Amino acid sequence: MVGAGRPASDLPLHAAGHHDTDGRSVLDRVISSYTPTIRALSHVRGRRHTGERAVRPRRLVVSMPHTPDAADLPGARDEAGLLPGATILTGSEATRDRVDAALHEATWAHFACHAQSRFDDPSSSFLLLHDHQDNPFDVRHLSTLRLPHAELAYLSACSTSQPGPQLIDEAVHISAAFQLAGFPHVIGTLWAIKDRAAPKMAQAIYTDLLHGPADDRDIAGVVHRAAHRMRQAYPRLPLMWAAHLHVGL
């Protein structure tokens, strides 16, 4: 199932149905993927066919267990170790300039941090890096980046795929900005996620992803299977597994 535009955060299509009986929910029947606009989908598909690839995979993790003027996220420290061989930027090292430079070399990028969605001005929605007060890593800035090696961005932060109420036909949010910057696959969230749940979902996704084939990974399927496993563990707690979604191809 592909949903274009804005998946409603209060009723995500991929979580619809009855979860107390096998086979009676969308999650049991289809693999879901979303795109903010048809133009964005066309953009990443066109880039995919240009053959732009990194010489070798390079992984980046941005982990913010401590952030100026924000609550601590102990789970972000746990997520930092989920990608073997990754470059890790954390604490005072995770500034906008250093993250920008690392993203230009990265194929996969994982962000474990706070995010702030501004529905009155979606272009100002941002991920909270160390210098977020002076140099916001926001949608407006992300939209100026052109990342030649980008393949997958995992945004383990709150509401990175949640659209504002003003735009009915399309979505402006952090996940969409990463896609426009060059990532054909983005894993985002529709609402606030719990710090204790985020590492569990990330581990479920990477356990599958890192053991898949080297090329043409079915990332939408990976997110689907991780949500399915998390639902089995927490069937009465959809907030633990239904927030995550795949944006892209």
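This report covers two residues, Ile 88 and His 224, and the largest nonpolar core of a predicted model.

Local features need pLDDT of at least 70 and side-chain atom pairs count only at pLDDT 80 or more, while totals for chains, interfaces and linings use all residues. Residues are numbered from 1 along each chain as its sequence is written, and side-chain values use heavy atoms, leaving out hydrogens and water.

**Two residues**

Helices (H or I, at least four residues) and strands (E, at least two) are DSSP runs, numbered from the N terminus. Buried means under 20% relative accessible area, exposed over 50%, and partly exposed in between (1.4 Å probe, protein chains only). Contact means heavy atoms within 4.5 Å.

| Residue | Element | Relative accessible area |
|---|---|---|
| Ile 88 | strand E4 (residues 87–90) | 39%, partly exposed |
| His 224 | helix H7 (residues 219–233) | 16%, buried |

Residues up to four places away in sequence aside, Ile 88 touches Val 61, Ala 80 and Glu 93. Ser 63 lies 25 residues from Ile 88 in sequence, and their C-alpha atoms are 7.2 Å apart. On the same basis of excluding residues up to four places away, His 224 touches Leu 27, Val 30 and Ile 31.

**The core**

A nonpolar core is a set of buried Ala, Val, Leu, Ile, Met, Phe, Trp, Tyr and Cys residues joined through side-chain atoms within 4.5 Å. The largest one has 65 residues. Leu 103, Phe 111, Leu 127, Phe 137, Phe 178 and Phe 183 touch the most other members. Helix H6 (residues 198–209) gives the most to this core, with seven residues.

Beyond its neighbours within four places in sequence, Phe 137 has contacts including Leu 103, Phe 111, Leu 127 and Phe 178. Arg 96, Asp 100 and Ser 125 are also among the contacts of Phe 137.
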